[in-house]
Amino acid sequence: MDLAFRIDRSSPVPLYFQLSQQLEAAIERGELLPGTLLGNEIELAGRLGLSRPTVRQAIQVLVDKGLLVRRRGVGTQVVHSQIRRPLELSSLYDDLETAGQRPATRVLAIEDTEAPAEVAAALGIAEGAPVRRVERLRLTHGADPIARLRNYLPLDLMPLTKDELEATGLYRLMRGAGTTLHSARQSIGARAATAAEAAILEEEPGAPLLTMQRTAFDDTGRAVEYGAHLYRASRYTFELQLLIRP
């Protein structure tokens, strides 16, 4: 680990908290990737001029958050960073890119199929009408899966290729094709992962997953996309801001 940490001894912020914040920021920025070893507590304490209990307390804060893990015989290791996504009409790809998470995409399927009842109702079309189904695995830092994304689009919306979908986000492609995204209707839930879902998301069967269903509309009011997505609850949270009425 070759990072510079700035500890301000004149600050009222406790030293352990300063260190834990800087370590967490380095993990969020991808400067400390999953699997990175932090090294010996005594060595880190000596390099920073801190006491060993102070360093141990800083590390424990991140262990409690699930960002670090202590492994016997190995040392303290980075597990992952947790993605916090605001509830707004944005692409997961764009949100990860903004957070410095270096998003990557693995396309699992692109096919024209018949709309199931749920999809037909969301898009305002007849059940069984043709739609384009796109299924992708979204990863951070090129290797760490965070979500399985399943989208349904009207056939006449735009052409899509595997290379395009692996290079950028779906909403960015839609905007580039002339679609003006205006609003969305969205619901969020949670459930346990099936064996197949756990395997692709690198979780244990039965692990908690966040679910999200979203219907996006363009500026004419037309439903242009329906998504049914799964997110790893261990890696991902949704955030929203509430306004209190006087």
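**Note on the predicted model**

1. The protein contains 8 helices and 10 strands. The coordinates are those of a predicted model, and the points below should be read with that in mind.

2. Overall burial and surface. The protein has 246 residues, and 45% of them count as buried. Its exposed area is about 12700 Å², of which carbon and sulfur atoms supply 51%. Among contacts between residues at least 6 apart in sequence, 60% join residues at least 24 apart.

3. The largest nonpolar core. This core holds 18 residues; those that touch the most other members are L19, I27, L32, V55 and L68. Three elements each give two or more residues to this core: α1 (15-28), α2 (41-48) and α3 (52-64). A second core, separate from the largest one, has 14 residues, including V107, L153, M158 and M174. As a general point, nonpolar side chains tend to be buried together in soluble globular proteins.

4. Contacts of L19. Leaving aside residues up to four places away in sequence, L19 touches F5, I7, L48, L50, V55 and A58. Of these, V55 is also listed with L19 among the core residues that touch the most other members.

5. The six-stranded sheet. An open sheet is formed by 6 strands with antiparallel pairing, in the order β4-β5-β6-β9-β8-β7. The edge positions are taken by β4 (103-114) and β7 (181-192); each has a single partner strand, so one side of each is left without a neighbour in the sheet. From one strand to the next, the twist averages 15 degrees.

6. The β6-β9 pair. Within the strand order, β6 is followed by β9. Strand β6 covers residues 144-154 and strand β9 covers residues 223-232; the two pair in the antiparallel sense over 4 bridges. R148 stands opposite L230, a residue of β9.

7. Position of A122. Is A122 buried or exposed? A122 has a relative accessible area of 12%, and because buried means under 20%, A122 counts as buried. This residue lies in helix α5, which spans residues 117-123.

8. Surroundings of A122. Not counting residues up to four places away in sequence, A122 touches T215, A223 and Y226. A122 and R185 are 63 residues apart in sequence, and their C-alpha atoms are 9.5 Å apart in space. A reader inspecting this region can start from A122 in helix α5 and look for T215, A223 and Y226 among its contacts.

Key: Residues numbered from 1 in each chain as written. Predicted model: local features only at pLDDT ≥ 70, side-chain atom pairs only at ≥ 80, totals over all residues. Heavy atoms only, no water. Core = buried A, V, L, I, M, F, W, Y, C linked by side-chain atoms within 4.5 Å. Buried < 20%, exposed > 50% of the residue type's maximum accessible area, 1.4 Å probe, protein only. Contact = heavy atoms within 4.5 Å. Areas by Shrake-Rupley, 256 points an atom, 1.4 Å probe, with all protein chains shown as cover. Pairing = 2+ DSSP bridges. Axes fitted to C-alpha atoms, helices over the stretch in contact; angles between N-to-C directions.
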